[in-house]
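Could you take a look at the hollow spaces in this one with me? I've jotted down a few points to go with the view.

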Amino acid sequence: MRAAISVIAEKGAAALRMSDIAARAGMSTGHILYHFGRKDRLLLEVLVWSQADLWTRFQQAADRAASPAEKLDLFVRFYLPSHPGDERYALWTQVLAQRHDEAGRRILTELLDGWDERLEAILREGRDLGHFADVELPEFTIRAVAILSGLSEDVMFARSRWQHTSPHAFALSALARELRPTDQD
């Protein structure tokens with residue numbers, strides 16, 4: 001899976017060959033084809049594996065966080081690409097750009113919904129503890145994820161507008177404005 005992610009990030013899905021992944025992983029192409037069948041299925045399975053790994057690391061970090069605000073900070077850090085060539089985010093863009101059958105669309109929807117569910121849990125905890133305003137969770141989640149997705153594109157393309165602040169700080173500031181309880185104004 002790690003070999004596939006690195007090859008996808010280097011070559012992109014269109015130029016990707018199963019033999020490239022096999023060579024990087026030290027396996028035969030036949031072995032890769034036996035397990036995944038088609039390239040689009042391989043990409044989807046690598047994305048599922050990558051997200052499970054990322055969410056495990058996120059949950060471990062969130063479990064150590066002292067407050068919902070720290071968890072929100074972690075959520076933003078884990079959501080945004082870490083640098084312009086971030087392999088995980090490159091994989092997302094490659095997989096989302098492909099046509100998918102119903103099973104593939106269902107898997108992608110579950111992965112995307114997973115981000116929403118994690119964010120809503122953080123927001124609910126913060127609201128229940130009085131740390132966050134009582135926002136409409138589904139609507140706020142849609143706005144927050146849209147902001148983060150747009151910022152992710154900026155990170156991946158190394159947009160120059162981020163010379164004086166980071167996309168991470170910008171996202172947290174935007175989210176915090178709406179989440180600030182009214183008694184803290």
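The points below cover the enclosed space and then the open one.

1. Before anything else, keep in mind that this is a predicted model. Everything here is computed from that model.

2. Start with the enclosed space. Counting cavities of 30 Å³ or more gives just one. The largest cavity holds about 40 Å³ of space.

3. Who sits around it? The lining of the largest cavity is made up of Arg-38, Asp-40, Arg-41, Leu-44, Arg-99, His-100, Asp-101 and Gly-104. Sorted by kind, that lining has five charged residues, two polar ones and one nonpolar one. Helix H4, which runs over residues 39-64, is the biggest giver here, with three residues.

4. Now for the open space. The largest pocket takes in about 340 Å³. It is lined by 18 residues, and the ones closest to its centre are Leu-54, Phe-78, Tyr-79, Tyr-89 and Trp-92.

5. Which elements give two or more residues to the lining of the largest pocket? They are H4, helix H5 (68-79), helix H6 (87-96) and helix H7 (102-128). H6 has the largest share, at five residues.

6. Last, the make-up of that pocket lining: ten residues are nonpolar, while four are polar and four are charged. Set this beside the cavity, where five lining residues are charged and one is nonpolar. When you turn the model, H4 is a handy thing to follow, as it gives residues to the lining of the cavity and to that of the pocket.

Conventions: Residues are numbered from 1 along each chain as its sequence is written. This is a predicted model: local features need pLDDT of at least 70, side-chain atom pairs count only at pLDDT 80 or more; totals for chains, interfaces and linings use all residues. Side-chain values use heavy atoms; hydrogens and water are left out. On a 1 Å grid over the protein atoms alone, a cavity is a set of points where a 1.4 Å probe fits but cannot get out, and a pocket is an open set with protein on both sides within 12 Å along at least five of seven lines; lining residues have an atom within 4 Å of a point. Grid points are joined across faces, edges and corners, and a volume is the space filled by probe spheres set on the points. Helices (H or I, at least four residues) and strands (E, at least two) are DSSP runs, numbered from the N terminus. Ala, Val, Leu, Ile, Met, Phe, Trp, Tyr, Cys and Pro count as nonpolar, Asp, Glu, Lys and Arg as charged, and the others, Gly among them, as polar.
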